[in-house]
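Let's work through a few exercises together, each with its solution laid out in steps. Have your viewer ready and try each task before reading on.

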Protein chains: 2
Amino acid sequence: MSLSDPTGLHRVVDRPVVLPQAAARLDTRRELWPDEVRVRVERLNLDAASFRQLERAHGGVGEAIRAEVLEIVKARGKMQNPETGSGGMLVGTVEEVGPDSPLGLAVGDRIATLVSLTLTPLVIEDGLEAWDGLSEQVPCDGYAVLFGRSIAAVIPEDLPAELSLAVMDVCGAPALTARIVKDREDASTVAVIGGAGKSGSLSLAAARDAGARHTIGVVPHEAEAALLRESGLADTVVIADARDPIALRDAVLSAGGPADLTVVCVDVPGCEGGAILATAPGGTVVFFSMATSFAAAALGAEGLAADVTMLVGNGYVPGHADYAMKLLRENDGVRGLFEGRLVGA
Amino acid sequence: MSLSDPTGLHRVVDRPVVLPQAAARLDTRRELWPDEVRVRVERLNLDAASFRQLERAHGGVGEAIRAEVLEIVKARGKMQNPETGSGGMLVGTVEEVGPDSPLGLAVGDRIATLVSLTLTPLVIEDGLEAWDGLSEQVPCDGYAVLFGRSIAAVIPEDLPAELSLAVMDVCGAPALTARIVKDREDASTVAVIGGAGKSGSLSLAAARDAGARHTIGVVPHEAEAALLRESGLADTVVIADARDPIALRDAVLSAGGPADLTVVCVDVPGCEGGAILATAPGGTVVFFSMATSFAAAALGAEGLAADVTMLVGNGYVPGHADYAMKLLRENDGVRGLFEGRLVGA
C-alpha cells in the first residue's frame, strides 16, 4: 500500500497523477489510509450551478436527473458534474477514524464536509431511492472518505441539520467578504448581486458586521426584493437582471453606488460585465458564482478600461464555518431567509 | 442615428443589448459616431491561447486557419475565437477622428490598441492574403473602430513596431504584478510560471523593479531555462511541467519558495492546482492565462484548504503600457527575450 498524502493524491486513479479535484476517477476503497476518516453519508447537497445544469439537461425529469447523478458517481468515484465542474457537500456520521487523522473527529460525530464533493471519494449504496431528483438536497446512504487536509465541521445540535448544512455550504463567501471589507479601509459601499440568496444574504450580513457603511442588495424580481427588505440585511434593495450590464450598473448607481466592493452570488452566466460596471474605479469584485467565466471577467474589465481588482471566490478562509454560523445565530434576517428557502425547497 | 456610448454599446447588434465583448455581432459600419476613431489596420496580433486552439483545430494547416479567422471576423464583426473567447490586439494608423473623441489621437498616428480584439469592430479587406496562417502575427489591410473608452497607445518611433506591439499586448501583467508587490509588504518571494515568455519575463522584471527580494522563474524545459538564465531576470530558474501540481510545488519549493506571489503566465489549461500549492498560506496567485478555469481555481483552493487570494488578471491597469515600455528599455534581459521570440516567430 502506497503512502498517503494529505491532499488525497494516493486516491487518484489517473496517470499521470493530478490533484483529486482535477481527477477523472478516485479510488473509493473502504479501507482507510492511516490519516483518513470514513463517513456514513446521510445527505448530499448538490452545488446550485450543477443542479440547475442537470435540471436543464433533463427537462426537469427527476428520474433522469437521479440516474445521471448515480452514473457520475459510479464512473468517477466522486460527485462532479462534468459540465459545470462543480460538486457540492455532504452530511454524515463518522464511521471510522484512522490512527493518524489530524481532523479531530470521533466515531459518531455528525458532520458536514467543507471540501467539495468534486474531490471526495464517494460510494452510493442505496441507488438514491429516497430522492425524487427534484431538489439539490439528496437523501443518500453510502460512504465517503476524508483526507488529512480535508475540512469538516461538526453540526451543532441546537440547529436543524438542513439549516447548518445550507449555511456551511456557502460559508466561504461571508468570510471572504468580511476580510475584504476589513482589509480595505475604503470598502464602505458593498453591493451583493443575488443578495436574497444563501451566500448573498450571508455576505450582506458579513459586510455590515465588518464595518461597511452602506450595503446594497440586488435581486432579480419583486418577490426576492420583498424577502430581502423584510430581512433588513441590506440598506437598499434594488431589482435588476444581473445579466444585463447596463441595467445592473444603473440599479447599483441608483441605490447609492458605485460599489467599492461588489460580491457576485448569482449562479447564472453572464454577470461579469455588469459587476465590473457597478464597481467604482479602484474597487474590488469578488466572484462566488461557479457560473463565472474567467475570460469574460478578464477581457471584460480590459475592454471597459476598468481598474478593478477581481477575485476568484476561494471557498476556504480559516474559521469560515464558525463565522457563518455566528452570523446565522446573530441575525434573525439571515435565519429567516435560510429557513424560508429550506421550506420552499 | 442613436447616441453613442463610450463602452461601444451602440455598435452591438445583439438584442437584448450586451457589452461589446459579450456580443455575438458588432456593427462594423465605416461611418463614425462623434466619439469614435477609425484606424487603418496593418497587423493583427492574435491572442496566444486563441492561435494555439486554431492551430490544434486545423492540424497546423495555415490555409484552414486563415479561412477560419476570415469567417469569424465576417460573422461577428470582430476577431473573437468562439472556443477560447479571446482575441488579441492590432496595429494601425489613425484614419479619422470623430470630433468628440477623448482619446487624444490625430490622423496619421501609428498606434496599437490596448483593448481586446474581442470588442473592436473590424473589417478585413485583403482576405489576409499576406498571412500564411502559421503565426499569431497577422499582416492585414482593413479598418477597425475605437470607442470613447477604448485604449490605444502611440507606437514609439525608436523601436521596431513588432517589438512595441508584443510588449503592449501583455502590458497588464507587469503592471498588476508590480502593484501587488508594492501593496503587500510580505510579497518578497515571487514565482512566475512561464517566466521566459512575454508576459512572464515582463512580470519577473516588474517584480524585481517593485522590490521583490527573491524571484523564481518556472519554465517547461531546458531550452527555455537557458534563455531565462541568460536574461538574468530571475534569481532562480527551475524546470517543471506547470500542469503537474506536485512537480510545480516541489520545483518552487526547491527554488526558495513557497511564493508569496505566484504569477501564472502559461497559456495551457490545468495550471491552477500547482499554482495554489506553490503559494504560501496567506499568499496571492494572479492568473494571466486565458486558459484558466474559474471553477478549477475556486474549487482547487477550497479542496486543498488553501488560504490564498486568487486574482483574475485584469489586462487594464492605468499606465500599464508606459510601464511595460519602461521595463523593456531598462532591461536588456527583457529586450533580448522579446527580440529572440520575434525572430523565432
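The exercises below go from the interface to the sheets.

This is a predicted model, in which local features need pLDDT of at least 70, side-chain atom pairs count only at pLDDT 80 or more, and totals for chains, interfaces and linings use all residues. Residues are numbered from 1 along each chain as its sequence is written, chains are lettered from A and ligands numbered from 1 in the order in which they are written, and side-chain values use heavy atoms, with hydrogens and water left out.

**Exercise 1. Describe the extent of the contact between chain B and chain A.**

Step 1: Count the residues. Chain B brings 47 residues and chain A brings 47 residues, where contact means heavy atoms within 4.5 Å.

Step 2: Find the area. The size of an interface is often given as the accessible area lost when the parts come together. Here the two chains bury about 4,300 Å² between them, with 66% of it on carbon and sulfur atoms; buried area is the accessible area (1.4 Å probe) that two parts lose on being put together, summed over both.

**Exercise 2. Find the polar links across the interface, then say which elements of chain B take part.**

Step 1: Look for salt bridges (a side-chain nitrogen of Lys or Arg within 4 Å of a carboxyl oxygen of Asp or Glu). The rule finds 2 across the interface. One of them joins B:Arg179 to A:Asp307, with the closest N and O atoms 3.1 Å apart.

Step 2: Add polar contacts. There are 12 residue pairs in polar contact, both residues at pLDDT 80 or more. The term covers a pair of N or O atoms within 3.5 Å; within protein, one must be able to donate a hydrogen and the other to accept it, and residues adjacent in sequence count only if both atoms are side-chain atoms.

Step 3: List the elements. Helix 7 (245-254), helix 8 (272-277), helix 9 (294-303) and strand 12 (309-312) of chain B each give two or more residues to the side touching chain A. Helix 9 of chain B gives the most, with 10 residues. Helices (H or I, at least four residues) and strands (E, at least two) are DSSP runs, numbered from the N terminus.

**Exercise 3. Trace the sheet of 12 strands.**

Step 1: Write the order. This open sheet runs 9(A)-8(A)-7(A)-10(A)-11(A)-12(A)-12(B)-11(B)-10(B)-7(B)-8(B)-9(B), with mixed pairing. Two strands pair if DSSP finds at least two bridges between them.

Step 2: Identify the edges. Strand 9 (236-239) of chain A and strand 9 (236-239) of chain B each have a single partner strand, so one side of each lacks a neighbour in the sheet.

Step 3: Inspect the junction. Strand 12 of chain A and strand 12 of chain B run antiparallel and are joined by 3 bridges. There, A:Met310 stands opposite B:Val312.

Step 4: Move into chain A. Strand 10 (residues 259-264) and strand 11 (residues 279-287) of chain A run parallel, joined by 5 bridges, with A:Thr262 opposite A:Val285.

**Exercise 4. What is the strand order in the open sheet of 6 strands in chain A?**

Step 1: The order is 4-5-1-2-3-6, with antiparallel pairing.

Step 2: Strand 4 (122-124) and strand 6 (152-154) of chain A are the edge strands, each pairing on one side only.

Step 3: Strand 1 (residues 37-46) and strand 2 (residues 88-97) of chain A are joined by 9 bridges. A:Arg40 has A:Thr93 as its bridge partner.
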